[in-house]
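Subject: Structure handover

Hi,

As promised, here is the structure for you to open in your viewer. My notes on the two ligands and their surroundings follow below it.

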Amino acid sequence: MFASTTTAIPESVAVPRHVAIIMDGNGRWAKKRMLPRVAGHKQGVDTVREMVKACIERGIGYLTLFAFSSENWRRPPEEVGFLMNLFVAALEREIGRLHANGVRLRVVGDLSAFEPRLIDLIRRGENVTAENKQLTLTIAANYGGRWDLMQALNGLALAYPEKAGEYAESDLAPFLSMSYAPEPDLFIRTGGEQRISNFLLWQLAYSELYFTDKYWPDFDAAALDDAIGSFQQRERRFGRTSEQLLAVDAAVSPTPTFSRNAG
Ligand code: IPE
Ligand code: IPE
Ligand code: MG
């Protein structure tokens, strides 16, 4: 179990341990090129591959990608169908390469809505890569932050009915679908919108938020570095004051450094 940012102050890190991304803007990327929306989704898979590589190279331990939200079923059936087929094709093609690169694959979300063939592929991919340590790649598919909280709450209530009314944060945490990962240090949304769209509601409590106008198919390793650069400029206070952070710094190094933005 990883410590929670609301019950313990995490160690400060230069490179985020966990990056969570809302991959948005595929449709507009395609539209700009007079292509059908789905061409953007297809192109977006290449960006996923590039991000996995970039995260490994930068020593990022966890990459979480929002691929399909619980609300995306509202889209035209042809687009939903295309996305499902793309997911199957990408898994079939990429699992071997992910495994060869030491990537552990996890898929979070309500998988019960998927075709048996897709569920089977997901489970096989997770099993094959289960022991890999280089990077944990989580794909959020038919995922919603509220769905996650509700399934966790129901799991907790069923497991410990006698404690109802006294549940603590730490009781709920193990039932959340990403309990195997630390909370994201850095959240990125591409495509220009500045909203969470029902992504990781619980886990983003103290994440640094970064928004870029770049469409997902145009996002690349250099754009990731821009986001990490922005992250490195942030003062993560977790409720404390700047002065307290400077005192912690001074206690750690004999000559206090004033590089931190004390504003
Ligand atoms: C994100 O791109 C991919 C999914 C939601 C599956 P969009 O398809 O939302 O692209 P825009 O936002 O319409 O440009
Ligand atoms: C969020 O993008 C979901 C994914 C990227 C999978 P959307 O395009 O569905 O979000 P909204 O509808 O603009 O909020
Ligand atoms: Mg969108």
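Let me begin with ligand 1, where an oxygen atom lies 2.7 Å from an N or O atom in the side chain of Arg-75. Please keep in mind throughout that this is a predicted model. The protein covers 87% of the 380 Å² of accessible area that ligand 1 has on its own.

Two further polar contacts of ligand 1 may interest you. The side chain of Asp-24 has an N or O atom 2.8 Å from an oxygen atom of ligand 1. With Gly-25 the partner is in the backbone: one of its N or O atoms is 3.4 Å from an oxygen atom of the ligand.

The shell around ligand 1 has 13 residues, and the closest are Asp-24, Gly-27, Arg-28, Arg-37 and Arg-75. Sorted by class, that shell holds 3 nonpolar, 5 polar and 5 charged residues. As for the pocket, the space that ligand 1 takes is the largest one. Three helices give two or more residues to the shell of ligand 1: α1 (26-32), α2 (37-57) and α3 (77-100). Of these, α1 gives the most, with 3 residues.

Now to ligand 2, which also sits in the largest pocket. Its shell consists of Ile-22, Met-23, Asp-24, Phe-66, Ala-67, Phe-68, Ser-69, Asn-72, Arg-75, Arg-189, Arg-195 and Ser-197. You will recognise Asp-24 and Arg-75 there, as both are also among the closest residues around ligand 1. In this shell, 5 residues are nonpolar, 3 polar and 4 charged. Strand β2 (residues 62-69) makes the largest contribution to the shell of ligand 2, with 4 residues.

Which side chains have a polar atom by an oxygen atom of ligand 2? Here are three:

- Asn-72, with a side-chain N or O atom 2.9 Å from an oxygen atom of ligand 2
- Arg-75, with a side-chain N or O atom 3.2 Å from an oxygen atom of ligand 2
- Arg-189, with a polar side-chain atom 3.2 Å from an oxygen atom of ligand 2

On its own, ligand 2 has 390 Å² of accessible area, and the protein covers 78% of that. Arg-75 therefore deserves a look in your viewer, since its side chain has an N or O atom within 3.5 Å of an oxygen atom in each ligand.

Finally, the pocket itself. The largest pocket has a volume of about 1200 Å³. It is lined by 46 residues, and those closest to its centre are Met-23, Asn-26, Phe-66, Ala-67 and Phe-68. Met-23, Phe-66, Ala-67 and Phe-68 also appear in the shell around ligand 2. The elements that give two or more residues to the lining are α1, α2, β2, α3, β3 (103-108) and β4 (135-143). Helix α2 has the largest share of the lining, 10 residues. By class, the lining comprises 23 nonpolar, 10 polar and 13 charged residues.

Over to you, and happy browsing!

Best wishes

Terms used:
Residues are numbered from 1 along each chain as its sequence is written. Chains are lettered from A and ligands numbered from 1 in the order in which they are written. This is a predicted model: local features need pLDDT of at least 70, side-chain atom pairs count only at pLDDT 80 or more; totals for chains, interfaces and linings use all residues. Side-chain values use heavy atoms; hydrogens and water are left out. A residue is near a molecule or strand if one of its heavy atoms lies within 4 Å of it. A polar contact is a pair of N or O atoms within 3.5 Å; within protein, one must be able to donate a hydrogen and the other to accept it, and residues adjacent in sequence count only if both atoms are side-chain atoms. Accessible areas come from the Shrake-Rupley method with a 1.4 Å probe; for residues, only the protein chains shown count as cover. On a 1 Å grid over the protein atoms alone, a cavity is a set of points where a 1.4 Å probe fits but cannot get out, and a pocket is an open set with protein on both sides within 12 Å along at least five of seven lines; lining residues have an atom within 4 Å of a point. A molecule sits in a cavity or pocket if more than half of its atoms lie within 2 Å of its grid points. Ala, Val, Leu, Ile, Met, Phe, Trp, Tyr, Cys and Pro count as nonpolar, Asp, Glu, Lys and Arg as charged, and the others, Gly among them, as polar. Grid points are joined across faces, edges and corners, and a volume is the space filled by probe spheres set on the points.
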